[in-house]
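Got the viewer open? Load the model below, and we'll go from stop to stop, with something to select at each one.

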Amino acid sequence: MRTPKSRADLPAEPTAERGPAPGPQSVGRVMAIFECLAAQHDGATLSELAGFAAAPKTSLVGLCNALLAEGCLRRDSAGRFHLGTRMFALAMRTLAGRELIELARPFLADPPRLPARPLCWAHSPRDADRVVYLDKVDSANSIRYAVTVGERRELHCTALGKVLLSHFAPERLERYLQAHPLVRFTPTTITDATRLRAELRRIRNDGIGRNRGERIQDAEGLAAAVSDSSGEVVAGVLIAGPAVRMAANRAHNEQRVRETAEALTRVLGGPEVVQASSRRSGRPGAKAGPAAR
């Protein structure tokens, strides 16, 4: 997509006409940076941002560095700027309760006795390096796994994160592994890339991502992917709770997380997904899962 050269290139907003900026000039320039990057997916160079903001490049260097440090921007290997994970998390908090969330909530709330049922969505299908919790329905148990809507978590050590990684195209996965150290959080965290690749192949074949105390000790999670009408994995369903309780209900939880993910995929117009175990059993109408994007 073409990088907009100025604010005049953006769609008109139904707001009152802007007068002279009452605050510091830097506030307007920060907003111009966000507007420019939100308008397209390929990022922008410092020169392109300066042109859009009608500001000298030297005045944007400090702003961009501060926004990078705060996670509001990120910079790719070609030096182009993109919106960062913090901005996507903020957007998810703003959108919580709307659109996809409204469609998903009836599925998340049934059945009522699962340990937790957050619907999680990667903040950016193209550039994800974290998952963001979009919505949740908490368990009534006094001891439970607690998440916060908008919270970001790593991919390599979470059930949903590994589900998303398992659907990365091979070259994208390698870029991710090169750019993101596999940080150890608990004794069971997978920190070896070869082991992680093997785990992702298993998830791709089985359809269930498992977290065995890899991010938080004594907490476990099960996750399955949700695809849209293009077949791209855009979200996932997660069930998580204390390890003892999860182990006691593992078969039931796996069945429910599969069924919920499949139901949400149908709602979004995604393809039917029948796992490899079903294909081996010879059930009719089996179809392969969506291709990696």
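The tour starts with the whole chain, moves on to a group of helices, and ends at some single residues.

**Before you click**

This is a predicted model, where local features need pLDDT of at least 70 and side-chain atom pairs count only at pLDDT 80 or more, while totals for chains, interfaces and linings use all residues. Residues are numbered from 1 along each chain as its sequence is written, and side-chain values use heavy atoms, with hydrogens and water left out.

**Stop 1: the whole protein**

Show everything as a cartoon. You'll find 11 helices and 8 strands; these are DSSP runs numbered from the N terminus, with helices (H or I) of at least four residues and strands (E) of at least two.

Now switch on the surface. It comes to about 15000 Å², and 54% of that belongs to carbon and sulfur atoms. Accessible areas like this one come from the Shrake-Rupley method with a 1.4 Å probe, and for residues only the protein chains shown count as cover.

How much of the protein is buried? Of its 293 residues, 47% count as buried. Buried means under 20% relative accessible area, exposed means over 50%, and partly exposed is in between (1.4 Å probe, protein chains only).

One more number for the whole chain: take the contacts with a separation of 6 or more, and 58% of them come from residues 24 or more positions apart. A contact here means heavy atoms within 4.5 Å.

**Stop 2: H1 against H3**

Select residues 25–38 for helix H1 and residues 57–69 for helix H3. Two packed helices are described by the angle between their axes and the distance between the axes. For this pair, the axes come within 11 Å and cross at roughly 65°. That makes H1 roughly perpendicular to H3. The axes are lines fitted to C-alpha atoms, for helices over the stretch in contact, and the angles run from 0 to 180 degrees between N-to-C directions. Roughly perpendicular covers 65 to 115 degrees; under 35 counts as roughly parallel, over 145 as roughly antiparallel, and the rest as oblique.

The crossing of H1 and H3 is right-handed, meaning that the near helix is turned clockwise from the far one by less than a right angle (anticlockwise would be left-handed).

Turn on side chains to see who meets whom. From H1 come Ser-26, Arg-29, Val-30, Ile-33 and Phe-34, and from H3 come Ser-59, Leu-60, Leu-63, Cys-64 and Leu-67. By class, the H1–H3 contact has 7 nonpolar, 2 polar and 1 charged residues. Ala, Val, Leu, Ile, Met, Phe, Trp, Tyr, Cys and Pro count as nonpolar, Asp, Glu, Lys and Arg as charged, and the others, Gly among them, as polar.

**Stop 3: bring in H2**

Add residues 46–53, which make up helix H2. The axes of H2 and H3 come within 9 Å and cross at roughly 110°. H2 is therefore roughly perpendicular to H3. The contact uses Leu-46, Ser-47, Leu-49 and Ala-50 of H2, together with Lys-57, Leu-60, Val-61 and Cys-64 of H3. Those residues divide into 6 nonpolar, 1 polar and 1 charged.

Next, hide H3 and look at H1 with H2. Their axes come within 9 Å, crossing at roughly 115°, and H1 passes H2 in a right-handed crossing. Ala-32, Ile-33, Glu-35, Cys-36 and Leu-37 in H1 meet Leu-49, Phe-52 and Ala-53 in H2. In this contact of H1 with H2 there are 7 nonpolar, no polar and 1 charged residues.

**Stop 4: two positive phi angles**

Most residues other than glycine have a negative phi. Click on Ala-54, in the loop between H2 and H3: its phi is near 55°, a positive value. Ala-54 counts as exposed, at 70% relative accessibility.

Then jump to Asp-218, in the loop between strand E6 (209–212) and strand E7 (219–227). Phi of Asp-218 is near 70°, again positive, and this residue is exposed too, with a relative accessible area of 61%.

**Stop 5: Gly-221**

Step along to Gly-221 in strand E7. Is Gly-221 buried or exposed? Gly-221 is buried, with a relative accessible area of 5%. Leaving out residues up to four places away in sequence, Gly-221 touches Ala-159, Gly-209, Arg-210, Asn-211, Leu-238, Ile-239, Ala-240 and Met-246. Try a distance label to Thr-158 as well: Gly-221 and Thr-158 are 63 residues apart in sequence and 7.5 Å apart in space, C-alpha to C-alpha.
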